[in-house]
Amino acid sequence: MDIQLNRVDYIQVGVTSQKTMKLLPALGKKATQKVAIADHDGILTCFGMKKGEAVPVFKTLPGQKISRMDLGGAAGTPQEKIFVCSGSQVRGFTKKGKQFLTFEANLTESINAMHVAGADLFVCASYIYNHYCDCKDQDYYLSGDKINDITCLSSENLTRIVPVLACQDRVLRVLQGSELAYDIEVPGPPSVLELYNKEEGDEVLYGTTDGKIGLVQIGKRSAATKWEVDNDKKKGGILCIDTYDIIGDGVNDILVGRDDGTVEVFGFESTNEPTLRFEHVLSESVTSIQGGCVGKESYDEILTATYTGWVTGLTTEPQKAEAGPGDEVRMSKETQSKVEALRAELEQLQVKVLQGREQYQQTSQSSTAVSAVPFFSINDKFTLCQDDASYSLTLEVQTAIDNLLLQSDVPIDLLDVDKNSAVVSFSECDSEQPNGNFLLATYRCQANTTRLELKVRSIEGQFGTLQAYITPRLQPKTCQVRKYQIKPLSLHQRTHSIDQERPMNRLSLVGQFSFAEIHSWVVFCLPEVPEKTPAGENIAFYFHNTFLGTQLEATYCKGEGHFRSDNISTISILSDVLSKEATKRKINLNISYDIDDESVSHTLKMIHPKLEYQLLLARKVQLIDALKELQVHEGNADFLIPEYRNILDESANLLEEYKKQPAHLERLYGMITDLFIDKFKFKGQNVKTKVSSLLEILDNYDLNSLLDFFNEA
């Protein structure tokens, strides 16, 4: 961390999407650059800095929400033409603001990713990729999962432009014309792509929604991963990447913007691995990031755009002047005029607010006035975190949040989040009634909170809906509801392959169902499966359980489906849910099982380390109070054995960890009980009467006696 950057706020526009701000090329060597930014109001704004003030160059009229921006121009000339896409339309503007292109791509979906290179235009809309040259159709590709971003390579090694798609199923797809050349597996769902060398080169940077970054080198027939940076500190997902030499060592550094507001700079020292050199946290997600020179010539800076439309610079220009005691603090004329302008603006705003309030009071008492519901944007994300097998719900609103009500009709646990300062209170629930609630929790937010992060953990086999009611600090009071599905196998995550050596149980379905029907059942059961029916006759998906580490393989086609897992409970849940879904559609299913008894002891051995750890933690936590009392009584803890002294020293950490995982032990007990019941369910025996003996064994836990109990029962 050896670079000093100072924050400067420039202007605020409307709510922005990912990658909708660019810096136009500089005219001179060290000259300042103009900034183009587009927002959800459909306005494209271009501004430059003069004497510390943001001066608009041009501003377009409002229209449909703008979802992406890219710069283009004829090959070999400065890339200073601005292209924006809204809906399925792409428009081009000159740097002076004159519109020279309106191109309708005739897509049924809205464009969500775009790349411009010379006369070539590449656009993606959810699953579809299109390539146009001089606005004429060239290539088309249908991807197996949603496309999040696109970039194109042109280098001497590659004979033609090579498009690379970042797809939600943890794959980068490299295309050749309308065909898939090959794909590259990456460690998380990629959300953004950027060329490492902008002029030309075959290296592509990617960022994932779970916060990892990597560099791959694209060849003609295969790619090589150069490096990957893990997200050990559990920061947010990556929304934007840029490369720029901000440190000034002649090597391009990597600038990263995350959805939790973190801005990072990675530099390269003697090694080829990137190291973190600078970090700054903004209060909302960073949608675009660019390196360049904006505020003052000769001073490099990182320019960011945030979700609510703030354009902020982190500049190398020193902002503070030091003054010793007795020194006069001399303000430059520029600073004085800035302060006066700010004061005048504040006074104007205060007058405006007072007028607005008076007007609202008058209309609210009038009998003819109609109350209109103010619209506000919400940026939400509900994702499964692999590390602690919990779901993270992130909500970001363009104005301050007043409160949030969470309601769930399935049993879920709320986990503690360090970043969350809101006050939570729980309401009584009657879960016995039909349509009863299992959870009602209210979060009251502190002033000016625009972003809230929550963590919940679900139980596999219990499925339903989690609803969030978001009320911002707006008059009149309004609330928006967002729904999130909790699926039957909610803790499973897509993976590229599984270990075939494990003992596997198998569930096979045969019946009069179409490929689309069985695919819709799999979508209902499992997260991260694309909603669109895959192209082709059949498909295979692989999953692993983030809580236990067990695995699942799903292969199906028209008329038959096969599911293999080393966990009997997974097979049991699938069998119940799939037969219910088929019954709803009046489809007759022929279900067969192939159960491997070895798999039960295999699963118990996988649960063993987790259970042992939790039992030990619970025992230590039980001892803390008694040990503290002894310590107070005796005056010190020297007389205790080292193990107990250690517990006292670690007491704060132990309590913290225990509080973070409230029903962890109950969860593991529940899983072992389900495993026991499911093992004998497939043999046609009901062993619910023996559950109490099983719980006694768990209270005096020993792996061997547990395995014996499972075998003898």
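In this predicted model, the span of residues 374–484 is 54% strand and 0% helix, and the C-alpha atoms at its two ends lie 24 Å apart. These residues carry a label in UniProt, where an unreviewed entry lists them as "domain: BBS7 GAE".

Strands also make up an open sheet elsewhere in the chain. Four of them take part, arranged in the order S22-S23-S24-S25 with antiparallel pairing. As a general point, the strands of a sheet pair through backbone hydrogen bonds, in either a parallel or an antiparallel manner. The edges of this sheet are formed by S22 (238–244) and S25 (274–281); each has a single partner strand, so one side of each is left without a neighbour in the sheet. From one strand to the next, the twist averages 20°. The partnership at the S25 edge can be followed in more detail: S24, covering residues 262–268, runs antiparallel to S25 and is joined to it by 7 bridges. In one of these pairings, Val263 has His280 of S25 as its bridge partner.

Helices come together further along the chain. Helix H4 (residues 598–634) packs against helix H5 (residues 642–649) with the axes 9 Å apart and at an angle of about 95°. Because angles of 65 to 115 degrees count as roughly perpendicular, H4 is described as roughly perpendicular to H5. On the H4 side, the contact is made by Lys620, Leu623, Ile624, Leu627, Lys628 and Gln631, while H5 contributes Tyr644, Ile647 and Leu648. Sorted by character, the residues of this contact comprise 6 nonpolar, 1 polar and 2 charged.

Terms used:
Residues are numbered from 1 along each chain as its sequence is written. This is a predicted model: local features need pLDDT of at least 70, side-chain atom pairs count only at pLDDT 80 or more; totals for chains, interfaces and linings use all residues. Side-chain values use heavy atoms; hydrogens and water are left out. UniProt positions are given in the numbering used here, feature names are shortened, and annotations may be inferred rather than shown by experiment. Helices (H or I, at least four residues) and strands (E, at least two) are DSSP runs, numbered from the N terminus. Axes are lines fitted to C-alpha atoms, for helices over the stretch in contact, and angles run from 0 to 180 degrees between N-to-C directions. Angles under 35 degrees count as roughly parallel, over 145 as roughly antiparallel, 65 to 115 as roughly perpendicular and the rest as oblique. Contact means heavy atoms within 4.5 Å. Ala, Val, Leu, Ile, Met, Phe, Trp, Tyr, Cys and Pro count as nonpolar, Asp, Glu, Lys and Arg as charged, and the others, Gly among them, as polar. Two strands pair if DSSP finds at least two bridges between them.
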